[in-house]
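Student: Please take a close look at one part of this model, a single buried position and what surrounds it.

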Amino acid sequence: MTKCNAMRQFVIAGILVLFAALVTQRVWRYATFDANRREMPPALADDEERALFLSPQGKYTLADIAANGNVLPSEKFRGFRAQHDLQPLPGDQLCPITRTKANKDCQWIVAGETYEFCCPPCIAEFVRQAKEQPELVYPVDSYVEPPVESVRSRSNP
């Protein structure tokens with residue numbers, strides 16, 4: 001066997017060992033994955049989050065803070081798994097931020113009304129908007145997927 005052939009076989013063997021290690025690692029990750037795990041890593045409530053959710057301003061009032069239980073979304077929704085539905089049906093409640101289908105398990109009170117969101121990060125965005133640009137916060141019934149007829153009538157004048 002020549003020196004070149006021995007070197008080639010050594011490189012091929014090294015590549016095969018690396019490939020086998022990669023496949024083993026992927027199989028191990030797949031075998032230990034729990035799809036039913038509902039816990040997210042606990043989010044730390046920092047000063048910015050506390051200031052946003054526990055202080056009133058604009059349309060976000062002390063009554064809203066009390067109605068939300070004086071808690072932060074990172075505490076209230078620990079373990080929440082968002083499933084964004086980009087195809088809401090007519091009459092479905094919409095997330096005020098993304099306009100995707102809202103989740104009934106992800107609610108927050110703002111301006112005395114209970115809004116539904118697709119995920120907790122949208123709550124933060126909406127509360128920030130209620131505090132800094134309250135004119136952009138509309139009543140809950142404004143965030144509903146319109147019936148098909150009204151969509152057609154808007155597109156066909």
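Tutor: **T100 and the core beside it**

Leaving aside residues up to four places away in sequence, T100 touches H84, D85, L86, Q93, L94, C95 and C118, where contact means heavy atoms within 4.5 Å. This is a predicted model, in which local features need pLDDT of at least 70 and side-chain atom pairs count only at pLDDT 80 or more, while totals for chains, interfaces and linings use all residues. Residues are numbered from 1 along each chain as its sequence is written, and side-chain values use heavy atoms, with hydrogens and water left out.

T100 lies in the loop between α4 (73-76) and β1; helices (H or I, at least four residues) and strands (E, at least two) are DSSP runs numbered from the N terminus. T100 has a relative accessible area of 8%, so it is buried (under 20%, 1.4 Å probe, protein chains only). Its side chain makes a polar contact with the side chain of T98 at 2.8 Å (a pair of N or O atoms within 3.5 Å, one able to donate a hydrogen and the other to accept it; residues adjacent in sequence count only if both atoms are side-chain atoms).

C95 is also touched by F117, as are P96, A102, N103, C106, W108, C122, I123 and F126, again not counting residues up to four places away in sequence. F117 is among the members of the largest nonpolar core that touch the most other members, together with F53, W108, V110, Y115, I123 and V127. Such a core is a set of buried Ala, Val, Leu, Ile, Met, Phe, Trp, Tyr and Cys residues joined through side-chain atoms within 4.5 Å.

How values were computed
Buried means under 20% relative accessible area, exposed over 50%, partly exposed in between (1.4 Å probe, protein chains only).
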